[in-house]
Amino acid sequence: MDQLNSDLAAWGAKARHHLERLPNELTRDIADDAERRQRRKQLQQAVEVRLSELASAISAEKAALRHVGWCRVVGAGVPAEPTEADSEAVSMAHVAGLLRDDGWGVTDVHTRGEGFDLLARRGHEQRGVEVKGVWESAASRGVSLTGNEIVKAGLLGDDYWLYVVDECRSGGRLFGAYRNPAALFADAAKDVPAVRIKGSALAAARSEAGDEAPERS
């Protein structure tokens with residue numbers, strides 16, 4: 001138990017360090033001082049909430065074992081699909097083009113570990129955009145979000161968007177754009193390290209969440 005608490009404390013310290021850096025990292029490119037301060041304040045408030053939740057999650061107490069049920073666990077990793085890299089490239093280019101056509105300035109940040117792929121700005125608006133590409137039909141395949149993506153989506157709230165592009169095999173089409181997916185798909189995010197959003201859930205949410213997103217074949 002002592003070792004577990006020690007490991008949890010070490011993990012918590014790292015998580016706190018990353019959370020505390022977020023407000024500065026996400027606002028450092030905003031040129032306008034007033035807007036940068038406002039955005040930073042909003043992010044700091046969100047971080048404080050997460051830090052409070054983190055504090056209650058990094059300690060463990062010993063108690064009597066109690067059998068509550070059983071489950072079958074099937075190992076799963078990153079799908080070894082040869083089309084995955086192609087889908088990512090197609091979908092990223094497609095969404096970046098859609099955003100630029102709609103007047104957004106777009107920066108590719110997918111290699112920075114930010115928890116999203118594109119940083120989009122238009123005037124005082126800002127979006128962290130996570131792009132998911134599907135080789136065939138998103139309604140059939142669905143998409144997965146990593147723990148890092150879900151955490152960042154929770155922190156950014158309405159400023160975080162999930163764009164799903166399917167039919168990447170034929171150039172890609174926007175299947176749907178979903179604002180605040182951490183809240184929209186909250187039921188899919190319970191007690192799992194990676195969130196699998198079923199195609200049926202994407203289709204059901206598309207009409208409501210994607211109204212603001214432009215569509216292009």
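Before opening anything I fixed my terms: two strands pair if DSSP finds at least two bridges between them. Helices (H or I, at least four residues) and strands (E, at least two) are DSSP runs, numbered from the N terminus.

**Entry 1: ground rules**

I am working on a predicted model, so I noted the filters: local features need pLDDT of at least 70, side-chain atom pairs count only at pLDDT 80 or more, and totals for chains, interfaces and linings use all residues. Residues are numbered from 1 along each chain as its sequence is written, and side-chain values use heavy atoms, with hydrogens and water left out.

**Entry 2: overview**

I counted seven helices and seven strands in the protein. Read from the N terminus, the elements go α-α-α-β-β-β-α-β-α-β-β-α-β-α. Of the 217 residues, 38% are buried (under 20% relative accessible area; exposed is over 50%, partly exposed in between; 1.4 Å probe, protein chains only). I also checked contacts (heavy atoms within 4.5 Å): among those between residues at least 6 apart in sequence, 61% join residues at least 24 apart.

**Entry 3: the sheet**

I traced an open sheet of five strands in the order β1-β2-β3-β5-β6, and its pairing is mixed. At the edges I found β1 (105-108) and β6 (173-179), each pairing on one side only. On average, neighbouring strands here are turned by 25° against each other, direction ignored. My angles run from 0 to 180 degrees between N-to-C directions, with axes as lines fitted to C-alpha atoms, for helices over the stretch in contact. A reminder to myself: strands of a sheet pair through backbone hydrogen bonds, either parallel or antiparallel.

Then I went pair by pair.

- β1 and β2 (residues 118-122) are antiparallel, with four bridges; D108 has L118 as its bridge partner in β2.
- β2 and β3 are also joined in the antiparallel sense, by five bridges, and A120 has R127 as its partner in β3.
- β3 (residues 125-133) and β5 (residues 160-166) run parallel and share six bridges; G128 is matched with Y160 in β5.

The β2-β3 hairpin has two residues between the strands, and G123 there takes a positive phi near 60°. How enclosed is β3 by the rest of the structure? Largely, because seven of its nine residues are buried.

**Entry 4: helix α5**

I looked at what lies across β3 and β5 and found helix α5 (residues 147-156), running at about 130° to β5. Its buried residues include E149, K152, I150 and A153, along with L155 and L156. Right after α5 comes G157, with a positive phi near 60°.

**Entry 5: two residues up close**

Is D108 buried or partly exposed? I placed D108 in β1, and the answer is partly exposed, since its relative accessible area is 42%. Leaving out residues up to four places away in sequence, D108 touches M92, D117 and L118. D108 and M92 sit 16 residues apart in sequence and 8.7 Å apart in space, C-alpha to C-alpha.

I197 was my second pick, in strand β7 (residues 195-197). I197 is buried because its relative accessible area is 2%. With the same exclusion of residues up to four places away, I197 touches G142, V143, L145, L162, F185 and L202. One of these, F185, is twelve residues from I197 in sequence and 7.4 Å away in space, C-alpha to C-alpha.

**Entry 6: cavities**

I ran the search on a 1 Å grid over the protein atoms alone, where a cavity is a set of points that a 1.4 Å probe fits but cannot get out of, and lining residues have an atom within 4 Å of a point. Points are joined across faces, edges and corners, and a volume is the space filled by probe spheres set on the points. How many cavities of 30 Å³ or more are there? I got two.

The largest has a volume of about 60 Å³. Its lining is E25, L26, D29, V109, R112, E114, F116, L119 and R121. Elements giving two or more residues to that lining are α1 (2-27) and β2. By class I noted four nonpolar, no polar and five charged residues. For the classes, I took Ala, Val, Leu, Ile, Met, Phe, Trp, Tyr, Cys and Pro as nonpolar, Asp, Glu, Lys and Arg as charged, and the others, Gly among them, as polar.

Technical notes. 1 Å grid on protein atoms, 1.4 Å probe; cavity = no way out; pocket = protein on both sides within 12 Å on 5 of 7 lines; lining within 4 Å.
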